[in-house]
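Take a walk through this fold, from a single side chain to the sheet and back out to the salt bridges. Keep the sequence and the model side by side.

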Amino acid sequence: MVHILYIEDEIEIGSWIANDLKERGYKVTWLESGNEIEKYLSSTDIGILDVMLPGLDGFSIGRRIKKEDSNFPILMLSARTAIEDKIEGLSFADDYLTKPFHPDELAARIEVLLRRFQKSEDILKIGHLKIYTKDLQIINQKNNEEIQLTGKQYYLFQYFIRHLNQILTKEQLYEGVWGESYIEGDKTLMVHIRYLREKIEENPAKPTIIETIRGIGYRVKQ
């Protein structure tokens, strides 16, 4: 699910846009100022910023974001229609939409930016991981390094991603990855889970990516 960071201080407009985007299938984090944006940049895919905000304005916030991550797409929203304002916004942002606008136009512009920056449904962000689902490339966002998996680790993690948010039993996992019936007491799956956690978890002793569901099995939850 594409995750949008939306910054708007006008409650009525913010509520309208956030609800419309959620109805279209986006996950939306709505903030009324840019004071805490650093908390959300690594887990969001695109930013929508109003220009007129309390404290730092949208232009200042957008420049700060682009300095942190030049590949983070930004769409500016503003009632200011002067060409000077548009030029200033487009000096760093990737698109500029003036109010009032139709929600279909906003959604269309979001999709254009997501395609341009390749931040679409083929990318998952789970914790500190960025996962390109087409080839299951896994990037540790803490150091921007790729995590290499062995054959069985790859197929095991791929099975989790195909069944994201589902609780999977040991029987389901064993049959899905090994193609054989699970035999009670077999430690093969447990060992592979442990090795996989050592590669993808920040703290394998306290896993947050691959959850253990006691008495049932495991789950990868977004």
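Is Asp 104 buried, partly exposed or exposed? The model is predicted, and in it Asp 104 has a relative accessible area of 43%. Asp 104 is therefore partly exposed, since the class runs between the under 20% of buried residues and the over 50% of exposed ones. Its side chain meets that of Arg 24 in a salt bridge, with 2.6 Å from N to O. Asp 104 belongs to helix α4, residues 103-116, while Arg 24 sits in the loop between α1 and β2, so the pair ties together parts that are 80 residues apart in sequence. Arg 24 also counts as partly exposed, at 35% relative accessibility.

Now turn to the sheet. It is open and has five strands, in the order β2-β1-β3-β4-β5, with parallel pairing. Which strands stand at the edges? They are β2 (27-31) and β5 (95-98). Each has a single partner strand, so one side of each is left without a neighbour in the sheet. From one strand to the next, the twist averages 20°.

Follow the pairings inward. Strand β1, residues 3-7, runs parallel to strand β3, residues 46-50, and four bridges join them. Within this pairing, Tyr 6 has Ile 48 of β3 as its bridge partner. Next, β3 pairs with β4 in the parallel sense, again over four bridges. Here Asp 50 has Leu 77 of β4 as its bridge partner. Keep Asp 50 in mind; this residue returns below in a salt bridge. Then β4 and β5 run parallel, joined by four bridges. Ser 78 stands opposite Thr 98 in β5.

How does the chain get from β4 to β5? It crosses through helix α3, residues 83-90, and this β-α-β crossover is right-handed. Another right-handed β-α-β unit is made by β3, helix α2 (residues 58-68) and β4. Strand β4 thus takes part in both, as the end of one unit and the start of the other crossover.

Stay with β4. Five of its five residues are buried, so the strand is largely enclosed by the rest of the structure. In a regular strand the side chains alternate between the two faces of the sheet. Strand β4 can be read that way: Ile 74, Met 76 and Ser 78 point one way, and Leu 75 and Leu 77 the other way. All of these residues are buried.

Helix α1, residues 11-23, lies across β1, β2, β3 and β4 (74-78). Against β2, this helix runs at about 165°.

A loop residue comes next. Ser 33 lies between β2 and β3. Is this loop residue buried or exposed? At 17% relative accessibility, Ser 33 counts as buried, because the cut-off is under 20%. Its side chain makes a polar contact with the side chain of Asn 35, at 3.2 Å. Leaving aside residues up to four places away in sequence, Ser 33 touches Ile 7 and Pro 54.

Back to charge. The structure holds 13 salt bridges. One of them joins Lys 99 to Asp 50, with the closest N and O atoms 2.8 Å apart. Lys 99 is in the loop between β5 and α4, and Asp 50 is in strand β3. The two residues are 49 residues apart, and their pair links distant parts of the chain. Lys 99 is buried, with a relative accessible area of 18%. Asp 50 is buried as well, at 3% relative accessibility. The pair belongs to a wider set: Glu 8, Asp 50 and Lys 99 are linked in a network of salt bridges.

The last pair leads back to helix α4. The side chains of Asp 95 and Arg 109 meet in a salt bridge, 2.8 Å from N to O. Asp 95 is in strand β5 and Arg 109 in helix α4, 14 residues apart. Asp 95 counts as buried at 17% relative accessibility, whereas Arg 109 counts as partly exposed at 23%. Helix α4 thus carries Arg 109 of this pair and Asp 104 of the opening one.

How values were computed. Residues are numbered from 1 along each chain as its sequence is written. This is a predicted model: local features need pLDDT of at least 70, side-chain atom pairs count only at pLDDT 80 or more; totals for chains, interfaces and linings use all residues. Side-chain values use heavy atoms; hydrogens and water are left out. Two strands pair if DSSP finds at least two bridges between them. Axes are lines fitted to C-alpha atoms, for helices over the stretch in contact, and angles run from 0 to 180 degrees between N-to-C directions. Contact means heavy atoms within 4.5 Å. Buried means under 20% relative accessible area, exposed over 50%, partly exposed in between (1.4 Å probe, protein chains only). A crossover is right-handed if, with the strands pointing away from the viewer, the path from the first strand over the helix to the second runs clockwise. A polar contact is a pair of N or O atoms within 3.5 Å; within protein, one must be able to donate a hydrogen and the other to accept it, and residues adjacent in sequence count only if both atoms are side-chain atoms. A salt bridge is a side-chain nitrogen of Lys or Arg within 4 Å of a carboxyl oxygen of Asp or Glu.
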